[in-house]
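Open the structure in your viewer and keep the selection panel at hand. The tour moves from one selection to the next and says what is there.

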Amino acid sequence: MRTGTPARVGQYTALLAYLVFLALPFIWLLSTAFKPPRELGSLHPTWLPKDPTLANFRQAFAEQPLLRAALNSLLVALAAAVLAVLIATPAAYVLARQRTRLARAVTGWVVVSQAFPFVLLIIPLFLVLKNLRLIDSVPGLVLVYMVWALPFALWMLAGYVRAVPRELEEAAAVDGAGRVRTLVSVTAPLLAPGIVATGLFAFVTAWNEFFFALVLLKTPEKQTLPVVLTHFIGAEGVADLGPLAAAACLATLPSLVVFALIQRRITGSLLAGAVKS
Amino acid sequence: MRARLSALVLLLLLAGCSSGGTRDDGRITLRFQSLAWQQESVEATRELVAEWNATHPDVRVEYVQGSWDSVHDQLLTAFEGGEAPDVIHDASDDLADFAHGGYLADLTGLLPAGLKSDIPQRSWQTTTFGDGVYGVPFLQEPRVLVANATWLRKSGVRIPTPEMPWSWDEFRRITGRLSGPGKYGVAWPLKEPVSATLNLSLSAGGQLFHRGADGRVTVRFEAADQVVPRTIARQVGTDRSASPTTLGSGGSDTLPGFFGGRYAMVPLGFSYRQQIVQQAPEGFDWQVLPAPAGAAGLAQGVSPQTLSIAEDCPHKEEAAAFLGFLLRPENMVRLALGDWMLPTGTRALRDPALHTDRHGWATGTALAAHLRPAPAQTVRGYPEWKDKVATPALQEYYSGAIGLGALRERLEKDGNLVLARYQR
């Protein structure tokens with residue numbers, strides 16, 4: 001069915017409005033990062049800095065070890081994402097393909113576990129990690145992030161597995177492919193967008209996480225970016241806005257870059273999975 | 001079997017890694033979590049730690065920058081897990097739970113006599129819970145009126161001083177005189193209406209929380225407690241001399257309107273001067289005025305920043321010695337200047353750097369003698385009373401949705417039900 005021109009214009013206008021809505025906070029963040037303090041206190045703020053400056057970036061980098069913190073965050077988030085995907089993928093496959101009571105119970109538990117607020121878990125978790133001597137340890141934080149991301153990753157990936165037609169696997173079996181060959185050559189390529197999306201979810205969750213990192217890491221050299229960002233915020237929420245915005249720009253960059261690099265891959269793989277059953 | 005063996009080896013390896021306050025060479029290491037965050041205060045704190053370390057090779061202090069954001073939850077978790085820092089920077093209104101929970105060391109008998117006598121008793125009250133003292137109050141800030149000096153001068157109003165402050169009635173009249181179309185005499189940033197109202201109400205003799213002979217606390221919203229909220233509500237609703245749009249704002253949010261000539265005055269914490277210095281347009285003339293006075297003069301409540309020692313710290317005497325060093329009068333002045341706040345120590349308060357007219361230091365310092373413990377400081381159940389009862393009730397009152405009678409009923413009736421649960 002062809003869509004008429006007015007409808008198409010309406011669609012694009014709505015899409016544009018939505019994109020602007022999504023982009024506004026980031027644009028404002030960018031604008032703030034380049035504004036001198038006097039412009040930040042202006043009654044009539046402008047989108048474009050009148051007198052753009054890099055002073056906020058210089059101050060942010062001079063006051064806080066942002067690069068080291070960013071590297072720490074990158075390491076922790078990457079490790080957590082890779083581990084979460086490695087564990088969740090086979091588990092999700094089993095959950096999706098085995099229609100047993102156990103699988104249904106596990107899926108239910110995974111969904112329910114998302115309802116626990118982390119403040120309820122943090123003290124027991126802290127004690128468990130302490131007993132394992134994983135307090136103030138990067139592997140300890142990776143473990144926590146991986147476990148934290150796992151239920152949702154599992155649930156998300158199980159959905160992707162269910163979307164892969166069982167008939168494709170049966171067809172491969174009829175053609176003589178073994179179980180492993182079917183999984184590697186037929187199922188895995190179709191699951192690729194799901195794996196990437198799940199990995200991204202785990203990465204972004206770990207990259208942005210603040211409270212676990214604040215509580216579990218004691219050594220300043222190990223602190224992650226979200227923790228270091230709060231050093232620009234004082235009592236009662238008073239903030240050093242310029243340097244905070246500059247540092248926050250750095251914090252948003254990796255997510256933007258990762259999404260920009262692999263979004264084509266995600267959509268491409270999604271199309272590759274479109275088959276008639 | 002192989003997996004079990006590996007796990008055992010791993011556990012043994014992990015068990016070999018020890019983390020304690022004393023190293024093999026006999027040197028003691030103390031972890032000091034500081035919440036200093038502004039560039040100048042971070043530098044001052046780091047310098048002081050470096051000076052201590054240079055002169056005390058056997059007791060090394062490790063500086064860790066903490067964060068005001070979630071500090072309570074972070075400390076609670078660390079205390080529960082036995083991994084708290086040895087020396088802890090916090091605020092007195094956050095200490096009650098930790099002191100009652102046995103997480104903080106009682107500093108009675110640990111601190112140098114000079115430090116104990118230097119800080120006034122009224123400041124020590126903010127960190128005294130039961131029979132123990134659980135923190136050293138060292139920095140505090142009064143709420144002051146930051147005013148557009150040019151605007152006030154042109155209007156011809158009397159400029160108040162700590163010796164001759166405005167009364168609350170006079171303040172109301174003057175804000176009316178300063179107002180005009182699109183312009184307001186004052187902008188109250190009341191994002192946190194409870195602490196602002198309660199602390200300023202001390203000036204009118206307000207007390208709100210009344211402790212009976214049995215030690216039980218009840219809320220009574222009496223005439224003296226009503227002076228400040230009534231003044232604010234009338235400025236907003238009747239006189240139109242206070243901006244209605246800033247009632248839900250934080251202090252920083254009011255600054256653009258202040259710089260832009262929309263508000264003549266903004267009641268702010270003393271440390272906001274740092275932001276004003278940074279952000280004020282060139283040539284903008286501003287000054288610091290004392291908050292209005294009432295039947296109790298310039299009294300107002302404060303919750304000072306504090307330094308405490310963890311109960312689990314194995315080297316309390318060394319930690320107390322470090323506190324004694326950090327809070328020597330000359331060092332307290334450096335910390336105060338870095339944070340744009342007032343020191344609590346009487347000798348530090350005499351430092352000439354705090355008596356200059358520049359940036360309103362002299363006015364703020366003159367208020368130090370009038371600062372009292374925040375009324376809610378020792379009331380069990382205050383956080384719940386504040387969040388569930390007082391904050392929404394005051395917000396509704398200031399916005400004109402309810403009257404003084406309804407405010408009183410909610411603060412007292414609903415409030416006492418909440419407090420009663422904590423005092424069974």
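A residue counts as buried if 20 or more other C-beta atoms lie within 10 Å of its own, as exposed if 12 or fewer do, and as partly exposed in between. The model is predicted.

**Stop 1: helix H8 of chain B**

Select residues 168-178 of chain B, which form helix H8. Buried here are Trp168(B), Phe171(B), Arg172(B), Ile174(B), Thr175(B) and Leu178(B). They lie on the same side of H8(B), because the arc they cover around the axis is only 165°. In an α-helix there are 3.6 residues a turn, so residues three or four places apart point the same way. Now add the elements that the buried residues of H8(B) pack against: helix H7 (149-155), strand S8 (184-186), helix H10 (223-237) and strand S11 (263-269), which belong to chain B.

**Stop 2: chain B as a whole**

Select chain B and colour by secondary structure: it has 18 helices and 16 strands. Along the principal axes, its C-alpha atoms fill a box of roughly 80 × 50 × 45 Å. The radius of gyration of chain B is 24 Å, which agrees with the value near 22 Å for a compact globule of 424 residues. Of the 424 residues in chain B, 51% are buried. Among contacts in chain B with a separation of 6 or more, 77% join residues 24 or more positions apart.

**Stop 3: where chain B touches chain A**

Show both chains and select the contact, to which chain B gives 33 residues and chain A gives 30 residues. On the chain B side, strand S2 (59-65), helix H3 (71-80), helix H11 (251-259) and helix H12 (273-279) each supply at least two residues. Which element gives the most to this side? Helix H11(B) does, with six residues. Colour the chain B side by residue type to find twelve nonpolar, 15 polar and six charged residues.

**Stop 4: two positive phi angles**

Most residues other than glycine have a negative phi. Select Asp136(A), which is not a glycine but has a positive phi of about 60°. Asp136(A) sits in the loop between helix H6 (118-131) and helix H7 (138-163) of chain A. Asp136(A) counts as partly exposed because it has 16 C-beta neighbours inside 10 Å.

Go next to His359(B), in the loop between helix H15 (346-349) and helix H16 (361-367) of chain B. Its phi is positive and near 60°. With 17 C-beta neighbours inside 10 Å, His359(B) counts as partly exposed.

Definitions and conventions: Residues are numbered from 1 along each chain as its sequence is written. Chains are lettered from A and ligands numbered from 1 in the order in which they are written. This is a predicted model: local features need pLDDT of at least 70, side-chain atom pairs count only at pLDDT 80 or more; totals for chains, interfaces and linings use all residues. Two residues are in contact if their C-beta atoms, placed from the backbone, lie within 7 Å. Helices (H or I, at least four residues) and strands (E, at least two) are DSSP runs, numbered from the N terminus. Ala, Val, Leu, Ile, Met, Phe, Trp, Tyr, Cys and Pro count as nonpolar, Asp, Glu, Lys and Arg as charged, and the others, Gly among them, as polar. The radius of gyration is taken over C-alpha atoms; the globule rule is 2.2 Å times the number of residues to the power 0.38. The arc is that of the directions from the helix axis to the C-beta atoms.
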